Amino acid sequence: MKTIIRKLIHYLGNVLRFFQMSFLKASGATIGKNSMISLGAKIDVRRGKVTIGDHCLITHGCYILSHDGAAHIINPEDNGTGYVTIGDHVFIGVNTVVMRNVTIGNHAIIGAGSVVNKDIPEGVVAAGNPIKILKTLDKPYRPLPKKHMDVS
């Protein structure tokens, strides 16, 4: 009985994720194949552009911001519009904030609770507030799984 309930919850989550991804794509976000965005993640596509590569995993509580509403206070010529570009095979840990005008390279791992306020190169582990590069990964990079594991 427990297994049946867990499978039902899993499939319901997949249906809800399908609607979430459809909404994000209809709102202008570009999302690659087999990328998983947690239902608890917030992706701001109101102003600006968000691009997420293939096989990415964006976990619960993440905020991806493509604009800055207060930018015009600092610089009257800045309308706050920006972009976020996330490469392929990127993992973004729980409760991370990705600020506008940031590019995260392929195969990067972003630690939980980080504030990504600058570009992150390919193949690194980075974490912190503000974010710092902690380690460079050895090549060849190991990709995230192409298919996420079953719950049974």
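These are my notebook entries on what I looked up in this structure, which is a predicted model.

**Entry 1: the strands around E4**

I began with strand E4, which covers residues 49-52, and asked which of its residues lie on a covered face and which on an uncovered one. Val 50 and Ile 52 make up the covered face, while Lys 49 and Thr 51 make up the uncovered one.

I then looked up the partners of E4. Strand E1, residues 30-31, pairs with E4 in the parallel sense over 2 bridges, and within this pairing Thr 30 has Thr 51 of E4 as its bridge partner. Strand E7, residues 83-86, also pairs with E4 in the parallel sense, here over 4 bridges, and Val 50 has Val 84 of E7 as its bridge partner. Val 50 therefore appears twice in my notes, as part of the covered face of E4 and as the bridge partner of Val 84.

**Entry 2: the sheet of four strands**

Next I traced an open sheet of 4 strands, whose order is E3-E6-E9-E12 and whose pairing is parallel. Which strands stand at the edges of this sheet? They are strand E3 (42-44) and strand E12 (115-116), and because each has a single partner strand, one side of each is left without a neighbour in the sheet.

Inside the order I checked one pairing in detail: strand E6, residues 63-65, runs parallel to strand E9, residues 97-98, and 2 bridges join them. The bridge partner that I found for Ile 64 is Val 98 in E9.

**Entry 3: the sheet of six strands**

I went on to an open sheet of 6 strands, which I read in the order E2-E5-E8-E11-E13-E14, and its pairing is mixed. The edges are taken by strand E2 (36-37) and strand E14 (132-136), each of which pairs on one side only.

At the E14 end I looked up how the edge strand is held to its partner in the sheet order. Strand E13, residues 124-127, pairs with E14 in the antiparallel sense over 4 bridges, and in this pairing Val 125 stands opposite Lys 135 of E14.

**Entry 4: the cysteines**

How many disulfides does the model contain? The count comes to 0 disulfides. For Cys 56, the nearest cysteine sulfur is that of Cys 62, and it is 12 Å away, with Cys 56 in no disulfide. Cys 62 is likewise in no disulfide, its nearest cysteine sulfur being that of Cys 56 at 12 Å. The cut-off for a disulfide is a sulfur pair within 2.5 Å, so a distance of 12 Å does not meet it.

I also asked whether these residues are buried or exposed. Cys 56 counts as buried because its relative accessibility is 1%, and Cys 62 counts as buried because its relative accessibility is 1%.

**Entry 5: the aromatic pair**

I searched for paired rings and noted 1 aromatic pair in the structure. The rings belong to Phe 18 and Phe 19, with their centres 5.6 Å apart and their planes at 70 degrees, so I recorded the pair as edge-to-face. Both Phe 18 and Phe 19 are exposed.

**Entry 6: a nonpolar surface patch**

Last, I looked at the surface by the start of the chain, where Met 1 lies in the segment before helix H1 (2-26). Met 1 is exposed, since its relative accessible area is 74%. Together with Ile 4, Ile 5, Leu 8 and Ile 9, Met 1 makes a nonpolar surface patch of about 570 Å².

Definitions and conventions:
Residues numbered from 1 in each chain as written. Predicted model: local features only at pLDDT ≥ 70, side-chain atom pairs only at ≥ 80, totals over all residues. Heavy atoms only, no water. Buried < 20%, exposed > 50% of the residue type's maximum accessible area, 1.4 Å probe, protein only. Phe/Tyr/Trp six-rings, centres within 6.5 Å; stacked < 30°, edge-to-face > 60°. Patch = residues over 30% accessible without salt bridge, like charges linked within 9 Å, V, L, I, M, F, W, Y side chains within 5 Å. Areas by Shrake-Rupley, 256 points an atom, 1.4 Å probe, with all protein chains shown as cover. Salt bridge = Lys/Arg side-chain N within 4 Å of Asp/Glu carboxyl O. Pairing = 2+ DSSP bridges.
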